[in-house]
Amino acid sequence: MHLIGAGGHAKVVLEMLSEMGMTVHGIWDDNPSVKNLLGYPVLGSVMSLLETNPQEVIVAIGNNDIRRKIALQLRAKAACAFSKTSSISLSAELGGGCVVMPNASINAGTRCGSHVIVNTNASVDHDCLLGDYVHISPQAGIAGNVEIGEGTHVGIGASVIQGLKIGKWCVIGAGAVVLKDLPDYAVAVGNPARIVKTNRYAK
Ligand SMILES: CC(=O)SCCNC(=O)CCNC(=O)[C@H](O)C(C)(C)COP(=O)(O)OP(=O)(O)OC[C@H]1O[C@@H](n2cnc3c(N)ncnc32)[C@H](O)[C@@H]1OP(=O)(O)O
């Protein structure tokens, strides 16, 4: 197993992989000034890893758009990482590359696409649908039957009430309380959440 990314998010993922008893063969990052992660050496750039045709990789980068760009270049199996303190329903379905952090919950009937992050203490309740590259930040709460489109970032401590449809590549600000559907690319903040701008970087 190889780990792409050597930042803070990767550090938490690395600890979870070690808890799971997985052997990490190498850590790779495009920032040459990062030399090691938790005592593991950083071996080189992402491209230098991809040229070796690795068998199994986890893209441990918190930024949804960067994670997507790297994931699209992968031919290797995208591995998942789960904290032993996370709670994932047996009826939930997760795609490749998903990461579920300590004390996060994913309840019955929820389906996550690929490379989804459910961060520390976040709660995704029953029958939700999370698109590829979604990131649910620490302490965020997603009620039942919520649909969240590809690449959307739900900020730390935000809440989304039941049954809503959130578009793709949205950003929901820290602590926002979302009471209505949001269109694609919306950046929404506050309680109740209001759209303040458009997220253009991923268009
Ligand atoms: C383990 C980890 O670390 S996971 C990472 C967790 N990180 C997060 O959850 C970060 C979430 N990001 C935010 O909340 C950001 O503030 C964003 C993305 C919503 C907006 O950031 P920017 O695009 O830089 O916008 P900017 O800071 O210019 O804010 C625009 C307006 O919205 C307001 N605003 C921004 N964020 C919020 C917020 N969370 N709640 C209320 N108002 C907010 C600003 O005060 C500003 O208002 P003004 O125009 O009246 O001055």
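## Exercises on a predicted model

Let's start with one residue: Arg 67 is buried, with 26 other C-beta atoms within 10 Å. Keep in mind as you work that this is a predicted model.

**Exercise 1.** Find out where Arg 67 lies and which residues Arg 67 touches, leaving out those up to four places away in sequence.

*Solution.* Step one is to place the residue: Arg 67 sits in helix H3. Step two is to check its surroundings. A residue counts as buried if 20 or more other C-beta atoms lie within 10 Å of its own. Arg 67 has 26 of them, so Arg 67 is buried. Step three is to list the contacts: with residues up to four places away in sequence set aside, Arg 67 touches Val 59, Ile 61, His 115 and Tyr 133. One distance to try in your viewer: the C-alpha atoms of Arg 67 and His 2 are 15 Å apart, and these positions lie 65 residues apart along the chain, counted as a separation in sequence.

**Exercise 2.** Work out how domain 1 and domain 2 meet.

*Solution.* Begin with the bounds: the domain assignment gives domain 1 as 2-78 and domain 2 as 81-191. Next, count the contact residues: 16 come from domain 1 and 15 from domain 2. Then ask which elements of domain 1 supply at least two residues each to the side that touches domain 2: they are H1, strand E5 (56-59), helix H3 (64-71) and strand E6 (77-78). Sort that side of domain 1 by class and you get nine nonpolar, two polar and five charged residues. Finally, take the centres over C-alpha atoms: domain 1 and domain 2 are separated by 23 Å.

**Exercise 3.** Describe the largest nonpolar core and the contacts of Val 118.

*Solution.* First, the count: this core has 63 residues, and Ile 4, Val 13 and Val 118 touch the most other members. Second, the main contributor: helix H1 (residues 8-19) gives the most, with five residues. Third, the domains: at least three residues come from each of domain 1 (2-78) and domain 2 (81-191). Now zoom in on Val 118. Not counting residues up to four places away in sequence, Val 118 touches Val 100, Met 101, Ala 104, Ile 106, Val 124 and Ile 136.

**Exercise 4.** Trace the open sheet of six strands, then look at how E17 and E20 pair.

*Solution.* Follow the order E8-E11-E14-E17-E20-E23, with parallel pairing. At the edges you'll find strand E8 (87-88) and strand E23 (177-178), each pairing on one side only. Inside that order, two bridges join strand E17 (residues 141-142) to strand E20 (residues 159-160). For a landmark, pick Gly 141, which stands opposite Ser 159 in E20.

**Exercise 5.** Find what is unusual in the backbone at Asp 127, Gln 139 and Pro 192.

*Solution.* Here's the background: most residues other than glycine have a negative phi, and most peptide bonds are trans. Asp 127, in the loop between strand E14 (123-124) and strand E15 (129-130), has a positive phi of about 60 degrees. Gln 139, in the loop between strand E16 (135-136) and E17, has a positive phi near 65 degrees. Asp 127 is partly exposed, with 17 other C-beta atoms within 10 Å, and Gln 139 is partly exposed with 19. Last, a cis peptide bond joins Asn 191 and Pro 192, with omega about -5 degrees.

Key. Residues numbered from 1 in each chain as written. Predicted model: local features only at pLDDT ≥ 70, side-chain atom pairs only at ≥ 80, totals over all residues. Core = buried A, V, L, I, M, F, W, Y, C linked by C-beta atoms within 7 Å. Buried ≥ 20, exposed ≤ 12 C-beta atoms within 10 Å, placed from the backbone. Domains from an automatic or database assignment. Contact = placed C-beta atoms within 7 Å. Nonpolar A, V, L, I, M, F, W, Y, C, P; charged D, E, K, R; others polar. Pairing = 2+ DSSP bridges.
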